[in-house]
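The exercises below ask for a careful reading of one structure, and each is followed by a solution in steps. Please look over the sequence and the coordinates before starting.

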Amino acid sequence: MNHVIAPPAATAEQIAESLTEAVHEHRILPDMKLAEDEVGETFGVGRTIVRQALRILAQEGLVTLERNRGAFVSRPSIREAREVFEARALLEPATAHAAATRAAAGDIERLEAHIADEHAALAAGEAGRALSLSGQFHVEIARIADQGTIEGFIRQLVARSSLVIAIYWRRRSALCESHAHHALLDAFRRRDAEEASELMKGHLVDLLSQLDLRDQATPPRSLREALDR
């Protein structure tokens with residue numbers, strides 16, 4: 001008798017990673033409810049695993065757990081939006097400085113391929129994926145800098161930035177300007193740490209300037225909320 005081996009069930013970490021990617025790509029937007037049953041059916045797991053995954057996302061600030069209501073994708077406030085990009089402006093110039101002194105030929109090639117993937121996603125009309133790749137470019141710089149703790153902070157800030165951009169970006173396509181990444185890559189090639197630091201600082205200031213940080217009405221999260229007076 002032939003026995004069919006069932007595929008292994010997804011772990012909480014794998015589910016959290018998949019949902020994080022969907023947030024980066026704006027397939028999951030702020031205020032969206034992540035119902036336990038729906039998440040469980042999507043990944044073929046029980047509620048215990050789903051709850052573990054949602055707790056991971058809550059620890060990373062991507063999900064808000066509301067008592068008796070469930071899990072919702074977080075909606076950063078205007079103050080939080082400013083703080084996210086101000087924190088990045090403090091951390092990432094120093095990280096770019098360190099990366100410029102450490103980048104090997106293989107690192108440069110990897111960054112080149114990353115930028116090429118960004119352009120390919122944009123050309124294919126996959127703006128969400130291009131945004132995700134753009135954020136990962138910044139995480140990759142922290143990896144090259146060999147700053148593990150700071151890399152973890154930047155990874156969280158980039159994820160938070162995806163939520164901020166989904167709400168407050170002035171343009172429909174929330175992408176890092178391509179010339180900024182190319183200029184950074186050129187500074188890495190020349191091992192010009194000072195220029196890399198200044199370019200990163202200017203790049204993040206420019207991103208912050210593209211945010212419309214004015215009070216905005218929060219849309220209802222359900223028909224019941226929309227009709228409830």
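**Exercise 1: the largest pocket**

In this predicted model, the largest pocket has a volume of about 650 Å³. Determine which residues are closest to its centre, which elements give two or more residues to its lining, and how the lining residues divide by type.

*Solution.* Begin at the centre: of the 27 residues that line the largest pocket, Glu17, Thr20, His24, Gln136 and Arg155 are the closest to that point. Next, assign the lining to elements, which shows that helix 1 (12–24), helix 3 (47–59), helix 5, helix 6 (127–144) and helix 7 (148–168) each give two or more residues, with helix 6 providing the largest share, 8 residues. Finally, sort the lining by type, which yields 8 nonpolar, 8 polar and 11 charged residues.

**Exercise 2: Glu118**

Locate Glu118, and establish which side chain of opposite charge is nearest and which residues are in contact with Glu118.

*Solution.* Glu118 belongs to helix 5, which spans residues 105–123. Although Glu118 is buried, it has no salt bridge, and the nearest side chain of opposite charge, that of Arg129, is 10 Å away. Once neighbours within four places in sequence are left aside, the contacts of Glu118 are Ala130, Leu133, Ser134, Phe137 and His181.

**Exercise 3: Ser197**

Decide whether Ser197 counts as buried or exposed, and list its contacts.

*Solution.* Ser197 lies in helix 9, residues 193–209. Its relative accessibility is 12%, and because buried means under 20%, Ser197 counts as buried. Leaving aside neighbours within four places in sequence, Ser197 is in contact with Pro93, Ala96 and His97.

How values were computed: Residues numbered from 1 in each chain as written. Predicted model: local features only at pLDDT ≥ 70, side-chain atom pairs only at ≥ 80, totals over all residues. Heavy atoms only, no water. Helix = DSSP H or I, 4+ residues; strand = E, 2+ residues; numbered from the N terminus. Buried < 20%, exposed > 50% of the residue type's maximum accessible area, 1.4 Å probe, protein only. Lys, Arg positive; Asp, Glu negative; His and termini not counted. Salt bridge = Lys/Arg side-chain N within 4 Å of Asp/Glu carboxyl O. Contact = heavy atoms within 4.5 Å. 1 Å grid on protein atoms, 1.4 Å probe; cavity = no way out; pocket = protein on both sides within 12 Å on 5 of 7 lines; lining within 4 Å. Points joined across faces, edges and corners; volume = space filled by probe spheres on them. Nonpolar A, V, L, I, M, F, W, Y, C, P; charged D, E, K, R; others polar.
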